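This briefing goes through a single protein chain by topic. The topics are the annotated region, the salt bridges, the nonpolar core and a few surface features.

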Amino acid sequence: MELFMKCLQFAADKHRNQRRKDTSGTPYINHPINVATILSTEAHVQDMTVLMAALLHDTVEDTDATFEDIENLFGPEVCSIVREVTDDKTLPKGVRKDLQITNAANSTRRAKLVKLADKLDNLRDLEKTLPCGWTEERRDEYFKWAKKVVDNLRGTNEHLERQLDNTFRTRGLL
């Protein structure tokens with residue numbers, strides 16, 4: 001638990017100045033916390049390595065944190081999962097999105113759990129509110145893309161997949 005709390009503090013520090021794109025400007029750290037909470041309370045994941053990776057899943061992608069930082073502070077297993085779920089920001093956005101679809105099927109089970117919870121939290125947010133600067137069309141496209149990613153993560157966690165399917169069903173994607 002001590003390492004988990006250090007992980008939470010690290011993620012909170014790294015994301016301290018970031019906000020979600022919603023109209024309320026929700027603190028970004030709420031998202032990684034939500035992802036870990038979804039895994040713990042809804043998917044009943046007790047694997048601390050997965051829960052720590054959930055807290056850190058966006059730190060390398062969106063802050064000055066490095067994989068070396070993650071490995072040195074939280075170990076190679078946590079780092080490995082974070083590496084699997086991190087987009088390469090040097091690539092164009094369209095390529096990154098395509099790679100998420102392609103790479104999903106070949107991910108480890110632990111990385112798939114983080115990805116499923118990440119998508120579920122993002123889609124729940126999108127259901128509630130349209131991010132600043134987004135159109136309804138862009139929201140619809142995100143749901144369609146997310147479904148392609150999720151389809152390649154299937155067979156990982158029945159509960160998360162059922163929750164995601166309910167979300168896709170309300171959008172007419174099932």
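**Annotated region**

In an unreviewed entry, UniProt lists residues 28-123 as "domain: HD". The model described here is predicted. Over residues 28-123 the chain is 74% helix and 0% strand, and the C-alpha atoms at the two ends of this stretch are 15 Å apart.

**Salt bridges between distant parts of the chain**

- A search of the whole structure finds 17 salt bridges.
- One of the pairs is Glu 42 with Arg 124, whose side chains meet at 2.8 Å, N to O.
- Glu 42 lies in helix α2 (residues 30-42) and Arg 124 in helix α8 (residues 109-128), so this salt bridge ties together parts that are 82 residues apart in sequence.
- Glu 42 is partly exposed, at a relative accessible area of 22%, and Arg 124 is also partly exposed, with a value of 22%.
- Lys 89 and Asp 62 form a salt bridge through their side chains, with an N to O distance of 3.5 Å.
- That pair links distant parts of the chain, 27 residues apart: Lys 89 sits in the loop between α6 (76-85) and α7 (93-104), and Asp 62 sits in helix α4 (residues 59-62).
- Lys 89 has a relative accessible area of 45% and is partly exposed; Asp 62, at 26%, counts as partly exposed.

**Salt bridges: helix α9 and a network**

- Glu 136 and Arg 139 form a salt bridge in which the closest N and O atoms are 2.4 Å apart.
- Both residues belong to helix α9 (residues 136-151); because they are three residues apart there, about one helical turn separates them.
- Glu 136 counts as partly exposed at 42% relative accessibility, whereas Arg 139 counts as buried at 9%.
- Lys 147, Asp 151, Arg 154 and Asp 165 are joined into one network by salt bridges that share partners.

**Nonpolar core**

- The largest nonpolar core has 48 residues.
- Those with the most contacts inside this core are Leu 39, Leu 56, Ile 70, Val 78, Val 114, Leu 123 and Leu 160.
- Helix α8 gives the largest share of the core, eight residues.
- Leaving aside residues up to four places away in sequence, Leu 160 touches Ile 38, Leu 39, Ala 43, Leu 113, Leu 116, Ala 117 and Leu 120.
- In soluble globular proteins, nonpolar side chains tend to be buried together.

**Nonpolar surface patch**

- Met 1, Met 5 and Met 48 make a nonpolar patch of about 310 Å² on the surface.
- Of these residues, Met 48 is found in helix α3 (residues 48-56).
- Met 48 is partly exposed, and its relative accessible area is 34%.
- Patch residues need over 30% relative accessible area, so Met 48, at 34%, passes that cut-off.

**Thr 66 and Asn 157**

- Thr 66 has its place in the loop between α4 and α5 (67-74).
- The relative accessible area of Thr 66 is 33%, and this residue is partly exposed.
- Thr 66 and Asn 157 are 91 residues apart along the chain, and their C-alpha atoms are separated by 29 Å.

Key:
Residues are numbered from 1 along each chain as its sequence is written. This is a predicted model: local features need pLDDT of at least 70, side-chain atom pairs count only at pLDDT 80 or more; totals for chains, interfaces and linings use all residues. Side-chain values use heavy atoms; hydrogens and water are left out. UniProt positions are given in the numbering used here, feature names are shortened, and annotations may be inferred rather than shown by experiment. Helices (H or I, at least four residues) and strands (E, at least two) are DSSP runs, numbered from the N terminus. Patches are made of residues with over 30% relative accessible area and no salt bridge: like charges are joined within 9 Å, nonpolar side chains (Val, Leu, Ile, Met, Phe, Trp, Tyr) within 5 Å. Accessible areas come from the Shrake-Rupley method with a 1.4 Å probe; for residues, only the protein chains shown count as cover. A salt bridge is a side-chain nitrogen of Lys or Arg within 4 Å of a carboxyl oxygen of Asp or Glu. Buried means under 20% relative accessible area, exposed over 50%, partly exposed in between (1.4 Å probe, protein chains only). A nonpolar core is a set of buried Ala, Val, Leu, Ile, Met, Phe, Trp, Tyr and Cys residues joined through side-chain atoms within 4.5 Å. Contact means heavy atoms within 4.5 Å.
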